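Work through these exercises with the model open. Each task is followed by a solution in steps.

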Amino acid sequence: MTDPETTPGTPAPRGPFATGDRVQLTGPKGRINTITLVAGGEFHSHRGMIRHEELIGLPDGSVVANSSGEEYLALRPLLSDFVMSMPRGAAIVYPKDAAQILSLADIFPGARVVEAGVGSGALSLHLLRGIGPDGELHSFERREEFAEVARGNVAAFAGEAPANWTVTVGDLQETLPGRCAPGSVDRVVLDMLAPWECVDAVAEALAPGGVLICYVATVTQLSRTVEEIRRSGGFTHPQANETLVRGWHVEGLAVRPDHRMVAHTGFLVTARRLAPGAVLPSLKRRASKSEFSDEDLANWLPDLGSDAGGEVWTPEVVGERGKSDKVLRKKVREAQRFARERGAAPESD
């Protein structure tokens, strides 16, 4: 087994700081600055300067003083720190949701996983860590700019483009069959505007017992996704949830919830693939006022029972705020420069 500390071109996860490592510097007031160590580099603030050479060779968790005597704590960023500070082409999957996805989908070492869309690569990094070097991650993204940002971010974190990761630009329904044989995929993660459009393609690719997990932002998307999974007849009854994280202030006798929290970011819908030909037993429920008909669904979800189709589901309608082409090109350049600083060169598929 190769020691990760000595693999050429790969930033070490432990040991002394080296050229190419990302380092978090936390100042006296708790302000965090993240830098990439380079030969001859310097970190400047309005209160002084730290030469990168003063950090190179120090153990993780060291304290260094700048030119004016102020002390900084130096630590390697955790994966959650990295994804929150990396260049973004699209909104990221927050660490709280990524952790739930890894657990609810049971992402295991050696798993064959399909992800769509790739966004800025935050979830890709968590999935790659979960499947390990023996697994496979096939990521699909409709927009080339987002794919380029993701490639740059993943290469920057890993030190190189992972050999077990492919990024395909195009619609999942059209490109998935060419990448993965029927019944060969263990897990599928959908983070897209209209995941219900991909349910049939996903059902074809998933092995019996495999997990489908969808990440959606609004209750209308949640409802539409759940109803399509039910209607497909190829999955178990879908389960839905969301995760809210509230920090606490703990200092002496002052123990109280933080004033700010990471509240709603998205919903997770989970279901498992049935064996071919299997018919899911009906759930026995008491009659209630919550019974609904297809007409009720059509009133709530416009593309069910109307000719509107997918035209009603647009990023603007569900509240997504997109970036301009100019901003996206800038983010691509930032991600690629980020990777080069780490000694990595992101590869196009």
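## Exercises on a predicted model

Both Phe43 and Tyr72 are buried. The model is predicted. Start with its overall make-up.

**Exercise 1. State how many helices and strands the protein has, and what share of its residues is buried.**

Step 1. Count the elements: the protein has 10 helices and 15 strands.
Step 2. Turn to burial. Of 349 residues, 44% count as buried.
Step 3. Take the contacts with a separation of 6 or more. Residues 24 or more positions apart make up 65% of them.

**Exercise 2. Find the aromatic pairs, and classify the one formed by Phe43 and Tyr72.**

Step 1. Search the whole structure. Two aromatic pairs turn up.
Step 2. Take Phe43 and Tyr72: the centres are 5.8 Å apart and the planes make 80°.
Step 3. Apply the cut-off. Planes over 60 degrees apart count as edge-to-face, so the pair of Phe43 and Tyr72 is edge-to-face.
Step 4. Place the rings. Phe43 is in strand 3 (residues 42-45) and Tyr72 in strand 6 (residues 71-75). The pair links distant parts of the chain, 29 residues apart.

**Exercise 3. Decide whether His52 is buried or exposed, and list what it touches.**

Step 1. Locate the residue: His52 is in helix 1 (residues 52-55).
Step 2. Check its accessibility. His52 counts as buried because its relative accessibility is 5%, and buried means under 20%.
Step 3. List the contacts, leaving out residues up to four places away in sequence. His52 touches Ile35, Thr36, Leu37, Val38, Gly41, Glu42 and Phe43.
Step 4. Link back to Exercise 2. Phe43, one of these contacts, forms the edge-to-face pair with Tyr72.

**Exercise 4. Which ring does Arg143 lie over, and which ring has the charged end of Arg273 over it?**

Step 1. Arg143 lies over the face of Phe146, 5.1 Å from the ring centre.
Step 2. The charged end of Arg273 sits over the ring of Phe235, at 6.0 Å from its centre.

**Exercise 5. Trace the open sheet of seven strands and name the helices that pack on it.**

Step 1. Read off the order: 9-8-7-10-11-15-12, with mixed pairing.
Step 2. Mark the edges. Strand 9 (165-169) and strand 12 (239-241) each pair on one side only.
Step 3. Note the twist: neighbouring strands are turned by 15° against each other on average, direction ignored.
Step 4. Look at one pairing. Strand 10 (residues 185-190) and strand 11 (residues 206-216) run in the parallel sense over five bridges. Val188 has Leu212 in strand 11 as its bridge partner.
Step 5. Add helix 3 (residues 95-104). Helix 3 touches strands 10, 11, 12 and 15, and its direction makes about 10° with that of strand 15 (267-272).
Step 6. Add helix 4 (residues 122-131). Helix 4 touches strands 7, 8, 9 and 10, and its direction makes about 165° with that of strand 8 (136-141).

**Exercise 6. Which residues of the largest nonpolar core touch the most other members, and which helix gives the most to this core?**

Step 1. The core has 34 residues; Met86 and Val113 touch the most other members.
Step 2. List the suppliers of at least two residues each, among them helix 2 (79-85), helix 5 (144-158) and helix 10 (325-341).
Step 3. Helix 4 gives the most, with six residues.
Step 4. Inspect Met86. Beyond its neighbours within four places in sequence, its contacts include Ile92, Leu125 and Phe338.
Step 5. Separate the second core. This one has 26 residues, including Leu172, Cys198, Val216 and Leu222.

Definitions and conventions. Residues numbered from 1 in each chain as written. Predicted model: local features only at pLDDT ≥ 70, side-chain atom pairs only at ≥ 80, totals over all residues. Heavy atoms only, no water. Phe/Tyr/Trp six-rings, centres within 6.5 Å; stacked < 30°, edge-to-face > 60°. Helix = DSSP H or I, 4+ residues; strand = E, 2+ residues; numbered from the N terminus. Buried < 20%, exposed > 50% of the residue type's maximum accessible area, 1.4 Å probe, protein only. Lys NZ or Arg CZ within 6 Å of the ring centre and 35° of its normal. Pairing = 2+ DSSP bridges. Axes fitted to C-alpha atoms, helices over the stretch in contact; angles between N-to-C directions. Contact = heavy atoms within 4.5 Å. Core = buried A, V, L, I, M, F, W, Y, C linked by side-chain atoms within 4.5 Å.
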